[in-house]
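Colleague: Please take a close look at one part of this model, the lining of the largest cavity, and then follow the elements around it outward. Which residues line the largest cavity?

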Amino acid sequence: MLTPIVTTTDEVRAVVGAVRRQGRTVGFVPTMGALHAGHAALVRAARRTSGFAVVSVFVNPTQFGPKEDFAKYPRTLEADQKVCTEAGADLIFAPSVEEMYPERSVAVVEVKGLDEVLDGASRPGHFRGVCTVVLKLFNIVRPDVAHFGAKDYQQARIITQMVRDLNVPVEVRVEPTVREPDGLAMSSRNRYLSPTERASAPGIYQALRNVRDRARAGEIDAARLESALAAELAAIPGARVDYARVVDADTLRPIARLDRPAVAAVAVFLGATRLIDNVSFGG
Ligand code: AMP
């Protein structure tokens, strides 16, 4: 049987309420659909952790900038339902924009500071949209545990902060990035890549791995690591580097030396497609 799809808040609350009354815990994986093996891994993690796994599929308009790809973002609900079924999801919540944002919705959630750097600097308002929709989804689904991917490092960091600061009764877990065999981080946006761009794309993770190797070999100067990273990314055929940073894993702010947990985070355009990826350095 395919994982059932519901589209309204009332329906998801009715199903999840019944599950809770049976004493089962609820895991949750928020997504924008166009699901791939990275999403499936989150669903399996939810299924392992909780008795009931809910996946939301919602292309959230408020997290896209006016010049971004909201209109052309892939919408593949039938295929998504198959991925969810195979991964063991129990329920899909696929609301309309009107269901999520009735007229005159004005409340928003902001996680200040953390949302001003990296992707937040390149995509003003993006994380306000993400936080607002994720808090709404948490309030609709009321999960015990929510699973996010490490590929979106800043997003996971910001959601963790939001949950802590606003006392949201959800446990946030961050799952490892799932990659293609050649190292490219799986992303719904990879399908936009031309064959030439796709051939270049693994260079992003290669550059990140090289910077991690430099750090392991003893380089601790963050500026030197950053410039090596930026230079390698810039050398990828067809690539335009949006940012390449080595930052404090907690504050996301620049660091001088690798003397604490840190992350190398990058955003790279290949043609019109913007890809992000990151690697963590130990503490
Ligand atoms: P989205 O791709 O924006 O729909 O992301 C939905 C969730 O899937 C987020 O928590 C992402 O971090 C996560 N995700 C996306 N791609 C991957 C991947 N390659 N590996 C692990 N998690 C991922």
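Modeller: The largest cavity is lined by K151, G183, L184, A185, S187, N190, A201, I204, Y205, L275, I276 and D277. The model is a predicted one, and everything below is read from it. The space in this cavity comes to about 60 Å³. Searching the whole structure turns up 1 cavity of 30 Å³ or more.

Sorted by class, the cavity lining consists of 7 nonpolar, 3 polar and 2 charged residues. Two of the elements that each supply at least two lining residues are α9 (202–216) and β9 (273–281). The largest share, 3 residues, is contributed by β9.

From the cavity, α9 leads on to a helix pair. Its partner here is α10, residues 222–234, and the two axes lie 9 Å apart, at an angle of about 155 degrees. Angles over 145 degrees count as roughly antiparallel, and α9 and α10 are therefore roughly antiparallel to each other. The crossing of α9 past α10 is right-handed. On the α9 side, the contact is made by G203, I204, Q206, A207, L208, N210, V211, R214 and A215. On the α10 side, these residues meet L225, A228, L229, E232 and L233. The contact of α9 with α10 holds 9 nonpolar, 3 polar and 2 charged residues. I204 thus has two roles to note: I204 is in the cavity lining, and I204 is also among the α9 residues that meet α10.

The next space to consider is a pocket. The second largest pocket holds about 270 Å³ of space. It is lined by 21 residues, and those closest to its centre are T62, Q63, F64, G125 and G129. By class, that lining is made up of 7 nonpolar, 9 polar and 5 charged residues. Helix α6, residues 126–141, gives the largest share of the pocket lining, with 5 residues.

Helix α6 also takes part in two helix pairs. In one of them, the axes of α6 and α7 (residues 153–165) come within 11 Å and cross at roughly 55 degrees. That angle makes α6 oblique to α7. The crossing of these two helices is right-handed. From α6, the residues in the contact are F127, V130, C131, V134, L135 and F138. From α7, they are Q154, Q155, I158, I159, M162 and V163. By class, the contact of α6 with α7 has 10 nonpolar residues, 2 polar ones and no charged ones.

In the other pair, α6 packs with α1 (residues 9–21) at an angle of about 50 degrees, and the axes are 8 Å apart. This makes α1 oblique to α6. T9, V12, R13 and V16 of α1 meet N139, I140 and V141 of α6. The residues of this contact divide into 4 nonpolar, 2 polar and 1 charged.

To bring the parts together, the cavity takes lining residues from α9, and α9 in turn packs with α10. The second largest pocket draws on α6 for the largest share of its lining, while α6 has contacts with α7 and with α1.

Technical notes. Residues are numbered from 1 along each chain as its sequence is written. This is a predicted model: local features need pLDDT of at least 70, side-chain atom pairs count only at pLDDT 80 or more; totals for chains, interfaces and linings use all residues. Side-chain values use heavy atoms; hydrogens and water are left out. On a 1 Å grid over the protein atoms alone, a cavity is a set of points where a 1.4 Å probe fits but cannot get out, and a pocket is an open set with protein on both sides within 12 Å along at least five of seven lines; lining residues have an atom within 4 Å of a point. Grid points are joined across faces, edges and corners, and a volume is the space filled by probe spheres set on the points. Helices (H or I, at least four residues) and strands (E, at least two) are DSSP runs, numbered from the N terminus. Ala, Val, Leu, Ile, Met, Phe, Trp, Tyr, Cys and Pro count as nonpolar, Asp, Glu, Lys and Arg as charged, and the others, Gly among them, as polar. Axes are lines fitted to C-alpha atoms, for helices over the stretch in contact, and angles run from 0 to 180 degrees between N-to-C directions. Angles under 35 degrees count as roughly parallel, over 145 as roughly antiparallel, 65 to 115 as roughly perpendicular and the rest as oblique. A crossing is left-handed if the near helix is turned anticlockwise from the far one by less than a right angle, and right-handed if clockwise. Contact means heavy atoms within 4.5 Å.
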